[in-house]
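Let's take a walk through this structure together, one piece at a time. Keep the picture open beside you as you read.

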Amino acid sequence: MEVFLDNRFVQQYSNFFGQDGWVDRAWVNYAKVAGKGDYFGLLTRKLVESIHHHSAYPIVVVNFGDVPIPDLDPESFPRLVLLHARGLPERSVSFNFNKLRAVLLAHVKTGVSLDSDMMMVGPHADQLLLRTEEEVTEAYPLPMMPTHFLTRDPREAGSGLGNSLPFNCDECPTPTLRWGQAQPSWTFWSLPFFARWLGAKLAGRPEQGVVTARIGEDEDLLNVALWREGATKAWCMYQMGGVSFLWENYFPEHAPGPSPFYEDPRFFPKGVPIGFFFSHAEKELGKVDKALAMLQEHRNATGPPPDRKSVV
């Protein structure tokens, strides 16, 4: 759990991190690349580029590989801080548990975890950091995640819903909220939660009756942990799959459909509310470039995004 500053980013670090070694608000990403021009390095660069186009806040990238992500440079990205940390032993647990390590290592008081295959689509996404500070407090110290398009409540087995994929484990608690996508937002009040559950997973020990050794991915662990600790708060679905929603929904100001959108019988019987904040899981670099260019062209031509309101 040691972390090291990339010496190319000393100035950025001094700009954003205080004397106590913490930054007040930031986006956080975790990554690993094979070298310059690596696919995941290019995806990470495009994420960072989108943050620089639209956000007022910095992004902290924690690199868990042996290569220092050469596609990220301080000259191009003045609001990027690149940190390095040791990776987990190969074949020990999923690489994605580094996401939770990044939450702890980044030293961000209020943050949101972003994957490399995500892209911010407008400055209105910044309100997510501000709203996190209002919702995640000493009285409610649990992280919040965006609602998933899947409903994974085991009580819905056999429901016939097309978006139902029940998650079952012998030790799983009863769900207290809809399954969330693994982009947790947090304040410093949440850091003990991440430490408890990540520590249990890496040590292979149970936590509050949950056998963490049988939980294979970070998203599964986060959801089961939130259920076990009685979480009740979640964000809308603020990250659409792929980038085609930009020309299909965002710019035309047309709600996605059909309606109701990814409903479930218990938590969202009238459909899940949508916020056009990010794209997610777009794997084609060409489409990401097209989306970035479209957003920049619109910004240059008209200024504000088409609509700052969430769409239901």
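Before we look at any strands, here's one rule to keep in mind: two strands count as paired if DSSP finds at least two bridges between them. Also bear in mind that what you're looking at is a predicted model.

With that rule in hand, find strand E2, residues 23-31, and strand E5, residues 108-114. These two run in the parallel sense and are held as a pair over six bridges. If you'd like one spot to look for, start at Val23, whose bridge partner in E5 is Val108.

Now zoom out from that pair. E2 and E5 belong to an open sheet of six strands, and reading across it you meet E1, E4, E3, E2, E5 and E7 in that order. The pairing in this sheet is mixed. Which strands sit at the edges? They are strand E1 (3-5) and strand E7 (185-187), and each of them pairs on one side only. Going from one strand to its neighbour, the turn is 30° on average, if you ignore direction.

Something also lies against this sheet. Helix H3, made of residues 98-105, packs on it and touches E1, E2, strand E3 (59-63), strand E4 (80-85), E5 and E7. Compare the direction of H3 with that of E2 and you get an angle of about 155°.

Next, move over to another sheet. This one is open too, with three strands in the order E6-E9-E8 and mixed pairing. Its edge strands are strand E6 (118-120) and strand E8 (237-241), each pairing on one side only. Here neighbouring strands are turned by 50° against each other on average, again with direction ignored. E8 pairs with strand E9 (residues 274-280) in the parallel sense, over four bridges. To find your way in, look for Met237, which has Ile274 in E9 as its bridge partner.

Finally, let's turn to the cysteines. How many disulfides does a search of the whole structure find? The search turns up one. The disulfide links Cys169 with Cys172, and the S to S distance is 1.9 Å. Look along that link and you'll find it is right-handed, with 105° about the S-S bond.

How accessible is Cys169? Its relative accessible area is 24%, so Cys169 is partly exposed, because that label covers values between the 20% limit for buried and the 50% limit for exposed. Cys236 is partly exposed as well, at 21% relative accessible area.

How values were computed
Residues are numbered from 1 along each chain as its sequence is written. This is a predicted model: local features need pLDDT of at least 70, side-chain atom pairs count only at pLDDT 80 or more; totals for chains, interfaces and linings use all residues. Side-chain values use heavy atoms; hydrogens and water are left out. Axes are lines fitted to C-alpha atoms, for helices over the stretch in contact, and angles run from 0 to 180 degrees between N-to-C directions. Contact means heavy atoms within 4.5 Å. A disulfide is a pair of cysteine sulfur atoms within 2.5 Å. Buried means under 20% relative accessible area, exposed over 50%, partly exposed in between (1.4 Å probe, protein chains only).
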